[in-house]
Amino acid sequence: MHVKRIYFKRISISLLIGLLFGVVVTEIPIFLLYKTARAPKEITLIIPKGTADQVSRGEQPPTIPQNMTFVVGDTLTVKNEDIVDHKLGSLWVPANSSASLFLGEAASFAYDCSFQPGNSFGMDVRKPLTWVTHLGGIAGPGISLGILIALYSLALPIRKEKNALA
Amino acid sequence: MDRKLLLTGAISFLLLGTLAVAVFIFANPEVPRGTTYGEPYPPAKEFTLIRADGSVFSLSDYRGKLVLLFFGYTSCPDFCPTTLAELNRALETLQPGDADEIQIVLITVDPARDTPERIQDYVENFNTDFIGLSGTEEELAPIWNGYGIFRAIPGTASAGGYLVDHTARVTLIDRQGNLRLSFPSDMPVEDIVHDLKLMLRE
């Protein structure tokens, strides 16, 4: 019974050390390297009234970026407040309406677009930072290291209790 | 003591698992996989064309049904036959009776070659309930514009004749005659079926 309890304690502590290690090796790089990473959300792009006129004159509409960065799982909603219909790739938005595009995979696109003077809109879709990313990053190295430490700890000799000596 | 601990652990694990599953389900309600239109939904542009049998097709006559509108042409070597075959497969996947609630319509982007008879014969190769429509370029141009359809003949002819560049998007019109969804040409059939089921439930 005493031996079992010691082994249980050692395995638990080993796994805890492993998970702490996982937290360190996952969260620090995420903090340092992926400052732009975030969870998916809905992003609205407004096409203001007069955009088609500006584009026909070869001008860049000031409130519309030439390219945008998203994460997988984002929904891009294009709200067309212009008096003419607009399109962005497969997204066709009649005047005074809105349409949404779900971005389901990481990739870089250059969509055919009616609200850019160059007729092209760049979209960079990156992998999102979700709780699965955190959990996977922590559990992967954490559990592996925890098991290794646990196996090593099982090989260590068990110290006899003071009562047993007496 | 050990058994009690094990039991407590197992129950806690089960409770946490159930909670995680519940959170996952309720935090992710079923949403369409195609491109969606926001409320207030834009009304689908009304149009009228003469069918192969001489009857008049008016979009408004199909209120109460879901209409899947696709623009293509009978000499199309790639997107059109593939899309029509996939739409037919989507209908076959639905429950019996549900397919009757959906009308598939193909409108030509090549009126010079596609007569109403030719396009109707063409769509019937995929499904006898599909409707194929054509007309003169003057009749069709406002319809193409009304649904944001790009259409151009690049001028390079092949052995089978010329090709027509066109938008390969399927537009879903709801029972009230509003634009609700559109499916890009590369959308998997199972995603189309998923969205059709969602729309049929409304």
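**Exercise 1. The link between the chains**

Task: In this predicted model, find how many bridges join β6(A) to strand β1 of chain B, and whether the two run parallel or antiparallel.

Solution.
Step 1. Locate residues 35–37 of chain B, which make up strand β1.
Step 2. Count the bridges to β6(A): there are 2, and the strands run antiparallel.
Step 3. Check one pair of residues: A:Ala99 stands opposite B:Tyr37.

**Exercise 2. The side of chain A that touches chain B**

Task: State how many residues of each chain are in contact, and which element of chain A gives the most.

Solution.
Step 1. On chain A 13 residues take part, in contact with 10 residues of chain B.
Step 2. Both β5 (91–93) and β6 (97–102) of chain A supply at least two residues each to this side.
Step 3. The most comes from β6(A), with 6 residues.
Step 4. Sorted by class, the residues on the chain A side are 6 nonpolar, 5 polar and 2 charged.

**Exercise 3. The sheet**

Task: Give the order of the strands in the open sheet and name its edge strands.

Solution.
Step 1. Follow the 9 strands in the order β1(A)-β3(A)-β6(A)-β1(B)-β12(B)-β11(B)-β4(B)-β5(B)-β6(B); their pairing is mixed.
Step 2. Look for strands that pair on one side only: these are β1 (42–47) of chain A and β6 (131–133) of chain B, the edge strands.
Step 3. Between neighbouring strands the turn is 20° on average, direction ignored.
Step 4. Take one pair within chain B: β4 (residues 66–72) and β5 (residues 102–108) are parallel, with 7 bridges. In this chain B:Leu66 stands opposite B:Ile102 of β5(B).

**Exercise 4. Helices on the sheet**

Task: Say which strands helix α3 of chain B touches and which strands helix α5 of chain B lies across.

Solution.
Step 1. Helix α3 (residues 116–124) of chain B touches β5 and β6 of chain B, and its direction makes about 150° with that of β6(B).
Step 2. Helix α5 (residues 189–201) of chain B lies across β4, β5, β11 and β12 of chain B, at about 170° to β12(B).

**Exercise 5. Two helices of chain B**

Task: Describe how α2(B) and α5(B) cross.

Solution.
Step 1. The axis of α2 (residues 79–93) of chain B comes within 9 Å of the axis of α5(B), and they cross at roughly 55°.
Step 2. The two helices are therefore oblique to each other.
Step 3. Their crossing is right-handed.
Step 4. Residues making the contact include B:Arg89 and B:Ala90 of α2(B), and B:Ile192 and B:Leu196 of α5(B).
Step 5. By class, this contact has 5 nonpolar, 1 polar and 2 charged residues.

Methods: Residues numbered from 1 in each chain as written. Chains lettered and ligands numbered in written order. Predicted model: local features only at pLDDT ≥ 70, side-chain atom pairs only at ≥ 80, totals over all residues. Pairing = 2+ DSSP bridges. Helix = DSSP H or I, 4+ residues; strand = E, 2+ residues; numbered from the N terminus. Axes fitted to C-alpha atoms, helices over the stretch in contact; angles between N-to-C directions. Contact = placed C-beta atoms within 7 Å. Nonpolar A, V, L, I, M, F, W, Y, C, P; charged D, E, K, R; others polar. Parallel < 35°, antiparallel > 145°, perpendicular 65-115°, else oblique. Left-handed = near helix turned anticlockwise from the far one by under 90°.
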